Amino acid sequence: MERVFGDYHLSDDRGRLDLRVIHDFLARQSYWAAGISPEVVDKCVRHSFCIGAFHDGQQVGLVRVVTDYATFGHVMDVFVLPPHRGRGLAKQMMEWMIGHPDLQGFRLWTLGTQDAHGLYAGVGFTAPAHPEYLMERRRPDVYR
Ligand SMILES: CC(C)(COP(=O)(O)OP(=O)(O)OC[C@H]1O[C@@H](n2cnc3c(N)ncnc32)[C@H](O)[C@@H]1OP(=O)(O)O)[C@@H](O)C(=O)NCCC(=O)NCCS
């Protein structure tokens, strides 16, 4: 499926994604996946629902959802390249994601963010009602 947003195109076609752009952003500019390899990026994209944002045919943004398509979605790797920020593109991707027909009826959506809480609050995310119910097994140095 595709969506037009001003000069931008959004697509949920994994085949349209530019893995070089995604890898370059994640490995060099993200605070959460620095040093990730192209092979790991390729593998995680192949096993996720993704929305790409495109300008003049070039990829400029991404949202990736790890999901079983029935009960649960975890939002990851949300970015918009710097020249395209501040124009509502991330909000547009979030709104399409949360209303997307392939991602309905979930019991739980989750995500982690250092500072973009407002972006996700716009589509209904809140702080966990019971943080004490949540557990994690974190390996921050896994790509070093
Ligand atoms: C965060 C990011 C994806 C936002 O993209 P964008 O297209 O510029 O965002 P939008 O123009 O759609 O606006 C986002 C909305 O969320 C809000 N917001 C909250 N936290 C934010 C943050 N840390 N960065 C940007 N916007 C933020 C903005 O104020 C804006 O709301 P408003 O329109 O009511 O003012 C982009 O800044 C980015 O790629 N940052 C680097 C990667 C990153 O931090 N990703 C998120 C990881 S959780």
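## Ligand shell, salt bridges and odd phi angles

In this predicted model, 20 residues surround the ligand, and the closest are Val 78, Val 80, Gly 86, Gly 88 and Lys 91.

User: What makes Asp 115 a polar contact of the ligand?

Analyst: The distance and the atom types. A polar side-chain atom of Asp 115 lies 3.2 Å from a nitrogen atom of the ligand. A polar contact is a pair of N or O atoms within 3.5 Å, so Asp 115 makes the cut.

User: And how do you know that Arg 87 and Leu 89 have polar contacts with the ligand?

Analyst: Here the protein side of each pair is backbone. A backbone N or O atom of Arg 87 lies 3.3 Å from an oxygen atom of the ligand. For Leu 89, a polar backbone atom is 3.4 Å from a ligand oxygen. Both values are within 3.5 Å, so both pairs count. As for cover, the ligand on its own has 870 Å² of accessible area, and the protein covers 68% of that. The elements giving two or more residues to the shell are β5 (72–80), α3 (89–99) and α4 (117–121).

User: What kinds of residues make up the shell around the ligand?

Analyst: They divide into 11 nonpolar, five polar and four charged. If you wonder where glycine goes, it counts as polar, so Gly 86 and Gly 88 are on the polar side of that split.

User: Why is Lys 91 called exposed?

Analyst: Exposed means over 50% relative accessible area, and Lys 91 has 54%, so the label fits. Only protein chains count as cover in that value. Lys 91 lies in helix α3, and its C-alpha is 6.6 Å from that of Leu 119, although the two are 28 residues apart in sequence.

User: Why is the pair Asp 24 and Arg 28 called a salt bridge?

Analyst: The closest N and O atoms of Asp 24 and Arg 28 are 2.6 Å apart. The limit is 4 Å between a side-chain nitrogen of Lys or Arg and a carboxyl oxygen of Asp or Glu, so this pair qualifies. Both residues lie in helix α1 (residues 19–28), four residues apart, about one turn of the helix.

User: Which of those two is exposed, and which partly exposed?

Analyst: Arg 28 has a relative accessible area of 61%, which is over 50%, so it is exposed. Asp 24 comes in at 31%, between the 20% and 50% limits, so it counts as partly exposed.

User: How many salt bridges are there in the whole structure?

Analyst: A search finds six. One of them joins Asp 77 to Arg 64, with the closest N and O atoms 2.9 Å apart. That pair links distant parts of the chain, with Asp 77 in strand β5 and Arg 64 in strand β4, 13 residues apart. Asp 77 and Arg 64 are both buried. Another salt bridge brings together the side chains of Asp 141 and Arg 144, at 2.7 Å from N to O, and both of these residues are exposed.

User: What makes phi of Asp 56 worth pointing out?

Analyst: Its sign. Most residues other than glycine have a negative phi. Phi of Asp 56 is near 50°, a positive value. Asp 56 is found in the loop between β3 (49–55) and β4 (58–67). With a relative accessible area of 67%, which is over 50%, Asp 56 is exposed.

User: And Tyr 69: what is its phi, and where does it lie?

Analyst: Tyr 69 has a positive phi of about 65° although it is not a glycine, and it lies in the loop between β4 and β5. Its relative accessible area is 38%, between 20% and 50%, so Tyr 69 is partly exposed.

User: How do you know that Val 142 can belong to a surface patch?

Analyst: Patch residues need over 30% relative accessible area, and Val 142 has 41%, so it clears that limit. Val 142, Val 40 and Tyr 143 make a nonpolar surface patch of about 220 Å². Val 142 is found in the segment after α4.

User: Last one: why is Ser 11 called buried?

Analyst: Buried means under 20%, and Ser 11 has a relative accessible area of 1%, so it is buried. Ser 11 is found in strand β2 (residues 8–11). A polar atom of its side chain lies 3.0 Å from the backbone nitrogen of Asp 13.

Key: Residues numbered from 1 in each chain as written. Predicted model: local features only at pLDDT ≥ 70, side-chain atom pairs only at ≥ 80, totals over all residues. Heavy atoms only, no water. Near = heavy atom within 4 Å. Polar contact = N/O pair within 3.5 Å; in protein donor to acceptor, adjacent residues only side chain to side chain. Areas by Shrake-Rupley, 256 points an atom, 1.4 Å probe, with all protein chains shown as cover. Buried < 20%, exposed > 50% of the residue type's maximum accessible area, 1.4 Å probe, protein only. Patch = residues over 30% accessible without salt bridge, like charges linked within 9 Å, V, L, I, M, F, W, Y side chains within 5 Å.
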